Amino acid sequence: MRLKLFWLAGAIIAIALLISCRPGAGNKNRLLVYTPHGQDLLKDFIARFKQQYPDADVQFLDMGSREILERVRVERNRPQGDLWWGASHMTFQTAAEENLLLEFRPTWADKIPASSRDTGDRWYGTYETPQVIAYNSEAVKPEEAPHDWDDVLDPKWHDKILIRNPNPSDTMRVIFGAMIWKFYKDTGSPDKGYDWLRKLDANVHEYTADGTLLMQKLGRREGLITLYNLPDVRLYKEQKNFPVGYSIPASGTPVIIDGIALVRGGPNPEEAKRFYEFVTTPESLAYAAHKYYRIPVRTDVDRAQLPAWMNEPFTRMPLDWDLLRKNGNDWLRYWDTEIRKH
């Protein structure tokens, strides 16, 4: 009898420990956010959130968009995260189709275009993110810098281009996919797009592991030119005082819809909804626009309250986003095995 009681007590303790180890267990105000938005933005918004909700306990994991997708997939049967803040609409749509996201209709659902949200309320757009050509402004004069995509293929940039590894990065996946799509739309084949990437590869000095290393190396002149997203380039230029300039490609640039979603089965969905709504208010979006150069998707944000440059027109590259999402992995796999450093 004593032995049975001993094993029963042990089992109860083990179950209690297992439950208590799950993020959010025993604390309804604990929140775990998966995000690629960077520590500066995240720490700032968490501090602002806690000013309004002092009882909140918000943690975050900062990683690439595709790394988040893989993590959520792995955790499907026992989710650890509550909120996924930041990834391209293509990545969110893939996650939605794999039933990884929880349906949630925010209070501002009718304030964004239909193309910037999921029809099943599993993700919504927050920011528009154009892609740019950036350069070290101490080593390259603005008039000499590339002003369109094909300009980066010029032999004068041989061994002078830095590229972030595209595998974990939605930004780079979209740029590479767009360069293939430029030709695919007319030929129905990726071959000429692969040729474009081969010419780019011939000029690449290094493929960096992440965006931070990319900008640091650009600032140190380990490379002079790169392709990256506008908000991060402006952040390093204006807040971190890196010698960086940029140009929006004249022929057009792909514009990612950056989104937000609840993780299906996350431990604290109500706290996740509270944070979701907080970071997407017009006030929060205007704040992110001024401090972090994020262009809001919401149509009811007063454009006069945004930085002047956000109201300047630029050419958007038309893309078949569904085709990019369908073929993107195969295109990137070919680049990785047949083009990169060959």
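## Charges over rings

Lys240 sits over the face of Tyr236, at 5.6 Å from the ring centre. Arg234 does likewise with Trp309, lying over its face at 4.2 Å from the ring centre. Both values come from a predicted model.

## Aromatic pairs

Rings also meet other rings. A search of the whole structure finds 16 aromatic pairs. Take Phe49 and Tyr53: their ring centres are 4.9 Å apart and their planes stand at 45°, so this pair is tilted. Phe49 has 0% relative accessibility, so it counts as buried. Tyr53 has 22% relative accessibility, so it counts as partly exposed. The cut-off for buried is under 20%.

Now take Phe104 and Tyr276. Their ring centres are 4.9 Å apart and their planes stand at 85°, so the pair is edge-to-face. This pair links distant parts of the chain. Phe104 is in the loop between strand S4 (101-102) and strand S5 (124-136). Tyr276 is in helix H9 (residues 269-279). The two residues are 172 residues apart. Both Phe104 and Tyr276 are buried.

## An aromatic cluster

Phe49 and Tyr53 also belong to a cluster. Its other members are Phe45, Trp85, Phe275, Phe278 and Tyr287.

What does Phe275 touch, leaving aside its neighbours within four places in sequence? Its contacts include three members of the cluster: Phe45, Phe49 and Trp85. Phe275 is also in contact with Leu31, Val33, Ile46, Val58 and Leu83.

## Nonpolar cores

The largest nonpolar core has 86 residues. Which residues have the most contacts inside it? They are Trp85, Leu200 and Phe275. Helix H5 (residues 170-187) gives the most to this core, with nine residues.

Another core lies apart from it. This one has 16 residues, among them Met63, Ala95, Ala96 and Ala261.

## Strand S8 and its partners

Is strand S8 (residues 225-229) mostly covered or mostly open? S8 is mostly covered, with five of its five residues buried.

S8 pairs with S5 and with strand S6 (residues 161-164). S5 and S8 run antiparallel, joined by five bridges. Ile133 has Leu227 as its bridge partner in S8. S6 and S8 pair in the parallel sense, over two bridges. Here Ile161 has Ile225 as its bridge partner in S8.

Conventions
Residues numbered from 1 in each chain as written. Predicted model: local features only at pLDDT ≥ 70, side-chain atom pairs only at ≥ 80, totals over all residues. Heavy atoms only, no water. Phe/Tyr/Trp six-rings, centres within 6.5 Å; stacked < 30°, edge-to-face > 60°. Buried < 20%, exposed > 50% of the residue type's maximum accessible area, 1.4 Å probe, protein only. Helix = DSSP H or I, 4+ residues; strand = E, 2+ residues; numbered from the N terminus. Lys NZ or Arg CZ within 6 Å of the ring centre and 35° of its normal. Pairing = 2+ DSSP bridges. Core = buried A, V, L, I, M, F, W, Y, C linked by side-chain atoms within 4.5 Å. Contact = heavy atoms within 4.5 Å.
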